[in-house]
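Thank you all for coming. I would like to walk through one model with you, beginning with a pair of helices and then working outwards to the rest of the fold.

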Amino acid sequence: MFSLKGMNALVTGASGGIGSAIAIALAKQGARIALSGSNGQKLRVFREQLHEEHGGEHVEITCDLSNPEQVEELIPATLDTLGGIDILVNNAGITRDNLAMRMKDEEWDDVIRINLEAAFRLMRASARPMMKARFGRIVNITSVVGATGNPGQMNYTAAKAGLTGMTKSFAQEVASRGITANCVAPGFIRTAMTAQLDEKQTDTINAKIPAGKMGEGDDIGAACAYLASREAGYVTGQTLHVNGGMAMLS
Ligand code: NAP
């Protein structure tokens, strides 16, 4: 069940904490992955590790998602190297936190361009090959705060809520062609970023999570592998919240 054998996937932000776990989860189910990020060296190291630990002939494609011209080249490059695209995971994301009154235009623009606009461009470009193949799976990584809001993150929450709306519109446009589009919304996930929190900060966060602990990248990877599978073909326009019960949203 949930085999991705023979499928080609593009994962953005594949060298990051969650992106690498998503790539591993898809690869373990048999997909061949185009690993994308802005830092070619980080991608190369991860591709070699992925190959050593889980096998598979994966590729890396460097792309700076803040540059629209580079973004427009990413799907054609994926088609050239993999020969097709069955799965697109828009995972890359940045934060540029600031309170509303102090938020600079660049902090707003950077987050919207990388977290929202790049995902739009990649969905638009994958629509044609997926429609032609009458099959496609798009998974957009949002965040619990896109649904709840969070002080200091107007830019980030706008981008994540925007992704959710965009996903639903796209899902309706392409549903009859065998293409699904869904979101996975992580809560607090243990990554390099959260590893920097001290014990007191970690305890305070964990106390707010019914599961009593932060999630792992693998929890997000498993949700993505499910939504990317053939078996999830009747699930579209949805958000799968993976947050240990921290916010029970539908
Ligand atoms: P991360 O470890 O900081 O990884 C971010 C990834 O995005 C990196 O691979 C980075 O690659 C890529 N990236 C950043 N700027 C880029 C650019 N300009 N062009 C291309 N790639 C770029 O973050 P993470 O924690 O894994 O987060 C992954 C996703 O999950 C994000 O969308 C985030 O909003 C979401 N999320 C995370 C949490 C959490 O608790 N960690 C919670 C909710 C949602 P390069 O370094 O190569 O540029």
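Let me start with a question: is the crossing in which α1 passes α2 left-handed or right-handed? What you have in front of you is a predicted model, and in that model α1 passes α2 in a right-handed crossing. The two helices pack at an angle of about 35 degrees, and their axes are 11 Å apart. On the α1 side the contact is made by Ser20, Ala23, Ile24, Ala27 and Lys28, and on the α2 side by Phe46, Leu50 and His54. Sorted by class, that contact between α1 and α2 has 5 nonpolar, 2 polar and 1 charged residues.

Helix α1, which covers residues 17-28, also has α9, residues 217-228, as a partner, and here the axes come within 8 Å and cross at roughly 45 degrees. That angle makes α1 oblique to α9, because angles under 35 degrees would count as roughly parallel and those from 65 to 115 as roughly perpendicular. The crossing of α1 and α9 is again right-handed. From α1, the residues that meet α9 are Ile18, Ala21, Ile22, Ala25 and Leu26, and they face Gly217, Asp218, Ile220, Gly221, Ala222, Cys224, Ala225 and Ala228 in α9. By class, the contact of α1 with α9 has 10 nonpolar, 2 polar and 1 charged residues.

Let me turn now to another helix pair, α4 with residues 105-133 and α6 with residues 154-174, which pack at an angle of about 15 degrees with their axes 9 Å apart. Since angles under 35 degrees count as roughly parallel, α4 is roughly parallel to α6. The crossing of α4 and α6 is right-handed. Many side chains could be named for this contact, among them Trp108, Ile112, Leu116, Phe120 and Met123 of α4, and Tyr156, Lys160, Leu163, Met166 and Phe170 of α6. By class, the contact of α4 with α6 has 17 nonpolar, 4 polar and 2 charged residues.

What about the sheet? There are 7 strands in an open sheet, taken in the order β3-β2-β1-β4-β5-β6-β7, and the pairing is parallel. At the edges stand β3, residues 59-62, and β7, residues 239-242, each of which has a single partner strand, so one side of each is left without a neighbour in the sheet. From one strand to the next, the twist averages 20 degrees.

At the β7 edge, 4 bridges join β7 to strand β6, residues 179-186, and these two strands run parallel. If you want a position to look for, Val184 stands opposite Leu240 in β7. Towards the other edge, helix α2, residues 40-54, lies across β2, residues 32-37, and β3, and α2 runs at about 170 degrees to β3.

Finally, a word on annotation: the unreviewed UniProt entry carries the feature "domain: Ketoreductase", which covers residues 7-192. In the model, that span is 53% helix and 18% strand, and its end C-alpha atoms lie 30 Å apart.

Notes: Residues numbered from 1 in each chain as written. Predicted model: local features only at pLDDT ≥ 70, side-chain atom pairs only at ≥ 80, totals over all residues. Heavy atoms only, no water. UniProt positions renumbered as here; feature names shortened; annotations may be inferred. Pairing = 2+ DSSP bridges. Axes fitted to C-alpha atoms, helices over the stretch in contact; angles between N-to-C directions. Contact = heavy atoms within 4.5 Å. Parallel < 35°, antiparallel > 145°, perpendicular 65-115°, else oblique. Left-handed = near helix turned anticlockwise from the far one by under 90°. Nonpolar A, V, L, I, M, F, W, Y, C, P; charged D, E, K, R; others polar.
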